[in-house]
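Reader: Hi, I've just opened this one and don't know my way around yet. Can you walk me through it?

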Amino acid sequence: MPEYTSRTYDEDRSLLTLQSIVAEDFRTAGGLRRRLLRTDAAQPPTRIEGSLVVRELFPHEFPHVEEEVWSHYRDRKVHPGGDRIFGALAGEYLVGTARCRKHPDGCEVDRVYVLSEYRGRGIDRQLMDLLVRECGERDILYLHSRTGLINFYASFGFSPISRRELPKTIRERFIFHTGEVEALGITPMKREPGSQAGELQRT
């Protein structure tokens, strides 16, 4: 796992969990793959079977994120040395993600994305809650928000900032991939460690 923030979970327990999953994979001949995505590439059902699980994904699960959830993004590659990916799993299906990427000069939050069939159920909020708890305890977090989502991110302690306040790497990466911020209706935001929910802006 990337080591740029302190871990808040029990490392030994996580190792035992991984070992049990690997053991199940041997027993079921590919069960680990089906734990995330069905091998027949069937569409996930619109009704969640059993409980929804939101957790940090292991590096060996990253290819499923790239192929099945981020397929519409221009840059869909995960960087195992700097990315932490949080996923929402409905049974054996990966239905949503959120990423925190460590740059040389700051941490960027993006790819907060839920498959259309599962939207409106608060999954994006569960993903962000876990990401902020895991990544925002010591590090400043930055993101680019569409205008309609400013209130959503403000509820996690993010506040609007000017583009000049963004770390250089994050500012230049966003412009390189998507164009000028102002023309897209995008607002840069920042969250300091320990920040509480901001006051919602009136739209």
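Reader: Let's start small: which residue in E2 is the bridge partner of Glu56?

Author: That's Phe86. Keep in mind that this is a predicted model. The pair belongs to a set of five bridges joining strand E1 (residues 52-56) to E2, and the two strands run antiparallel.

Reader: And what stands opposite Phe86 in E3?

Author: Ala98 does. E2 and strand E3 (residues 93-103) are paired over eight bridges, in the antiparallel sense.

Reader: How many residues sit between the strands in the hairpin of E2 and E3?

Author: Two residues. Look at Gly91 in that hairpin: its phi is positive, near 65 degrees.

Reader: Back to E2 for a sec. Are its faces covered or open?

Author: Both faces are covered. Asp83, Ile85, Gly87 and Leu89 are buried on one side, and Arg84, Phe86, Ala88 and Ala90 are buried on the other. As a rule, side chains in a regular strand alternate between the two faces of the sheet. Eight of the eight residues of E2 (residues 83-90) are buried, so the strand is largely enclosed by the rest of the structure.

Reader: OK, zooming out. What's the strand order in the sheet?

Author: E1-E2-E3-E4-E5-E7-E6, an open sheet of seven strands with mixed pairing. E1 and strand E6 (159-160) are at the edges with a single partner strand each, so one side of each has no neighbour in the sheet.

Reader: How many bridges join E6 to E7?

Author: Two, and E6 runs antiparallel to strand E7 (residues 186-191). In that pairing, Ser159 stands opposite Lys190.

Reader: Which strands does H3 touch?

Author: Helix H3 (residues 62-69) packs on the sheet and touches E2, E3 and E4. Its direction makes about 110 degrees with that of E3. H4 packs on the sheet too, touching E1, E2, E3, E4, E5 and E7, and its direction makes about 145 degrees with that of E2.

Reader: New topic: what's the volume of the largest pocket?

Author: About 930 Å³. Its lining has 31 residues, with Tyr73, Asp110, Arg111, Val112 and Arg146 nearest the centre.

Reader: Which element gives the largest share of that lining?

Author: E4, with seven residues. Among the elements that each supply at least two lining residues are helix H4 (123-135), strand E5 (141-146) and helix H6 (168-178).

Reader: How do the lining residues divide by type?

Author: There are 14 nonpolar, seven polar and 10 charged residues in the lining of the largest pocket.

Methods. Residues numbered from 1 in each chain as written. Predicted model: local features only at pLDDT ≥ 70, side-chain atom pairs only at ≥ 80, totals over all residues. Heavy atoms only, no water. Buried < 20%, exposed > 50% of the residue type's maximum accessible area, 1.4 Å probe, protein only. Helix = DSSP H or I, 4+ residues; strand = E, 2+ residues; numbered from the N terminus. Pairing = 2+ DSSP bridges. 1 Å grid on protein atoms, 1.4 Å probe; cavity = no way out; pocket = protein on both sides within 12 Å on 5 of 7 lines; lining within 4 Å. Points joined across faces, edges and corners; volume = space filled by probe spheres on them. Nonpolar A, V, L, I, M, F, W, Y, C, P; charged D, E, K, R; others polar. Contact = heavy atoms within 4.5 Å. Axes fitted to C-alpha atoms, helices over the stretch in contact; angles between N-to-C directions.
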